[in-house]
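Student: I'm new to this structure and would like a close look at one part of it, the sheet. Could you walk me through how it is put together and what lies against it?

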Amino acid sequence: MPLMAEGMTFQVSRVINADPGTLYALISDVTRHGEWSPECRGGRWTDGATGPVPGARFRGRNRWGLFAWSRTCLVEEAEPGRRFVFSTVPDGFAPDSTRWAYTFEPVPGGTKVTESYEIVLAMPARIQASVVRAFLPHHFDMRPHMAATLAAVEAGAGLLPGQAAAPPGPIDVTGMWVMHHAFRRDLARFAAAVDATPLTDSGAWSAMRDRWDRFASVLHKHHTGEDDGLWPLLRERAAAAGDTEALATLDAMEAEHAVIDPLLTACRAGFDGLATRPAEADRAEQAGRVAATAEALHTHLGHEERDAMALVQRYLSTADWERLENEVFRAAYGPKDLLFAVPWSLDLLPTAARRRMLADGGPVLRLLSRLLAPGFRRGERRAFGAAYRLSASGANMYSSVG
């Protein structure tokens with residue numbers, strides 16, 4: 001493992017479907033860095049500073065395992081929507097200095113955010129070779145942590161992997177985004193498992209069929225709540241406003257639901273066939289069915305996120321949304337459904353989104369998540385086998401659904 005030297009630089013980039021100003025505001029708020037970083041636990045402005053301006057100082061807190069420390073940092077550049085740069089200030093405890101920079105570039109599909117760091121003053125070699133190597137070996141290459149940070153920023157901007165948009169407005173639709181994330185994740189796992197599961201493993205195919213029933217049931221309840229509660233209310237408000245474009249969007253939402261339902265039924269029959277009389281030709285046909293379902297659902301979710309959620313923000317009040325959540329969406333789930341839905345909805349959520357869900361849900365949700373997670377993971381391993389182990393290790397499971 002080579003030592004860190006002055007002048008060394010590393011960077012990672014990520015395109016996030018949000019505007020540069022929004023992303024700059026998130027990253028330049030150093031008090032929130034604990035929401036994004038695997039290592040940083042947040043910061044506080046010092047010496048009279050109250051926000052990100054050149055010359056402002058803040059104290060950043062960090063933890064990795066049992067090792068905790070803090071550093072004074074100096075803001076060097078703060079150009080809203082374009083660039084935010086700070087450096088760590090050398091002191092007696094840590095004589096090194098690293099410059100961290102974030103740039104924001106508008107590109108098709110959102111903003112290209114680039115995080116980079118440069119070693120301005122290297123820590124003495126003897127400390128690197130002993131203390132850093134023993135306690136903080138990842139500091140020799142922080143790019144994996146930087147990639148995780150930008151993924152968490154994406155979630156903090158209201159976006160989850162695969163999500164198409166997050167229209168601004170007063171209504172908190174985090175619960176719906178989390179559901180969409182789980183639908184995309186599930187279809188990616190099903191697609192991978194269909195390819196990887198041995199035809200002779202009838203137990204795995206049976207478990208996959210039963211898991212498909214769970215997935216389809218949650219999706220059906222979600223769509224039924226929209227068809228029976230959300231779309232009619234939006235249609236009433238849009239009609240009163242004479243908004244013909246909104247009415248066309250709602251017509252499309254219902255039509256897309258109608259396309260997805262028979263695909264779910266066909267996939268269920270395919271899994272049943274593979275569990276009882278497997279053949280290689282059946283596997284290929286089932287892979288095509290799952291891919292067609294993923295394409296249709298991904299198209300629908302993207303359309304809903306871009307256009308239908310904009311109507312929610314335009315025409316509904318916070319009271320309207322809370323009533324729909326309580327009387328329509330949550331009312332569809334019984335106790336048995338909830339025991340599945342809690343670990344299912346939290347699985348593979350980016351760190352910031354997971355922390356927010358658990359904080360909003362309070363101690364009961366946090367307790368349930370801890371109690372139910374082991375059983376949920378065992379069920380996922382039975383149904384998806386190697387495909388689940390791959391996704392749980394951090395591999396990208398969203399490519400098959402866009």
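**A close look at the sheet**

Tutor: Let's start with the whole chain: residues 24 or more positions apart account for 65% of its contacts with a separation of 6 or more. Keep in mind that this is a predicted model. The chain has 12 helices and 7 strands. Its radius of gyration is 24 Å, close to the 21 Å that the globule rule gives for 402 residues, so the chain is as compact as a globular protein of that length. Along its principal axes, the C-alpha trace spans about 65 × 60 × 40 Å, and 48% of the 402 residues count as buried.

Now for the sheet. It is an open one of 7 strands, in the order 1-7-6-5-4-3-2, and the pairing is antiparallel. Strand 1 (9-16) and strand 2 (40-46) stand at the edges; each has a single partner strand, so one side of each is left without a neighbour in the sheet. On average, neighbouring strands here are turned by 25° against each other, direction ignored. As a general point, strands of a sheet pair through backbone hydrogen bonds, either parallel or antiparallel.

Let's step in from the strand 2 edge. Strand 2 pairs with strand 3 in the antiparallel sense, over 6 bridges. Here you can find G42 standing opposite R61 of strand 3. Next, strand 3 (residues 57-64) is joined to strand 4 (residues 67-79) by 8 bridges, and these two run antiparallel as well. One pair to look for is R59 with its bridge partner T72 in strand 4. Strands 3 and 4 form a hairpin with 2 residues between them, and G65 in the turn has a positive phi of about 65°.

What lies across these strands? Helix 1 (residues 20-28) does: it lies across strand 1, strand 2, strand 4, strand 5 (83-88), strand 6 (97-107) and strand 7 (110-121). Against strand 6, helix 1 runs at about 160°. At the start of helix 1, a side-chain oxygen of D19 reaches to within 3.1 Å of the backbone nitrogen of G21. The buried residues of helix 1 are P20, L23, Y24, L26, I27 and S28. When you look at that list, it helps to know that an α-helix has 3.6 residues a turn, so residues three or four places apart point the same way.

How values were computed:
Residues numbered from 1 in each chain as written. Predicted model: local features only at pLDDT ≥ 70, side-chain atom pairs only at ≥ 80, totals over all residues. Heavy atoms only, no water. Pairing = 2+ DSSP bridges. Helix = DSSP H or I, 4+ residues; strand = E, 2+ residues; numbered from the N terminus. Axes fitted to C-alpha atoms, helices over the stretch in contact; angles between N-to-C directions. Contact = heavy atoms within 4.5 Å. Rg over C-alpha atoms; globule rule 2.2 N^0.38 Å. Buried < 20%, exposed > 50% of the residue type's maximum accessible area, 1.4 Å probe, protein only. Polar contact = N/O pair within 3.5 Å; in protein donor to acceptor, adjacent residues only side chain to side chain.
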